Amino acid sequence: ALGEELDAAARLEMAVLGDPIVVGLSNQVFKFLGESDRWYANLACPSLQWNMRFHQYVGLPVHEDMFITALGISLFDTKHQQQPSTSLGDKAQHAITIQVK
């Protein structure tokens, strides 16, 4: 029973709740200030790209009006490349995009 309670608590921590913020591994809070409906890189390295698109909603309080509306993750094979690269011309081996409509 204790294991089930811990699992439920872990699921709750992974849920999307409240203010649209990103929390770092050391509980740092990151608010996003940028252009609406643009893609921004969160992490980029030769084998992985993690990008998010943000949208600013009109009528909400300032600094609480920007939400993540899409998430994209691309995985690249760097084993067979002479020089690792994450340029736009590279073809991802695996890619997933999740969008909110």
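Here is a quick briefing on the fold, the sheet and a few residues of this protein.

What you're looking at is a predicted model, where local features need pLDDT of at least 70, side-chain atom pairs count only at pLDDT 80 or more, and totals for chains, interfaces and linings use all residues. Residues are numbered from 1 along each chain as its sequence is written, and side-chain values use heavy atoms, with hydrogens and water left out. The protein has one helix and six strands, taken as DSSP runs numbered from the N terminus (helices are H or I with at least four residues, strands are E with at least two).

**Overall make-up**

- Going along the sequence, the order of elements reads α-β-β-β-β-β-β.
- Of the 101 residues, 14% are buried; buried here means under 20% relative accessible area, exposed means over 50%, and partly exposed is in between, with a 1.4 Å probe and protein chains only.
- About 8200 Å² of the protein is exposed, and 57% of that comes from carbon and sulfur atoms (Shrake-Rupley method, 1.4 Å probe; for residues, only the protein chains shown count as cover).
- Take the contacts (heavy atoms within 4.5 Å) between residues at least 6 apart in sequence: 36% of them link residues at least 24 apart.

**The four-stranded sheet**

- Four strands make an open sheet in the order S3-S4-S5-S6, and the pairing is antiparallel; two strands count as paired if DSSP finds at least two bridges between them.
- Strand S3 (38-45) and strand S6 (94-99) sit at the edges with a single partner strand each, so each has one side without a neighbour in the sheet.
- On average, neighbouring strands of this sheet are turned by 20° against each other, direction ignored (axes are lines fitted to C-alpha atoms, for helices over the stretch in contact; angles run from 0 to 180 degrees between N-to-C directions).
- As general background, strands of a sheet pair through backbone hydrogen bonds, in either a parallel or an antiparallel way.

**S3 with S4**

- S3 runs antiparallel to strand S4 (residues 48-56), and seven bridges join them.
- The two strands S3 and S4 form a hairpin, with two residues between them.
- For a pair to click on, try Leu 43, whose bridge partner in S4 is Trp 50.

**S5 with S6**

- Strand S5 (residues 66-75) pairs with S6 in the antiparallel sense, over six bridges.
- Leu 71 has Ile 98 as its bridge partner in S6.

**Phe 67**

- Phe 67 lies in strand S5 and is partly exposed, at a relative accessible area of 28%.
- From Phe 67 to Tyr 57 is 10 residues in sequence and 7.8 Å in space, C-alpha to C-alpha.
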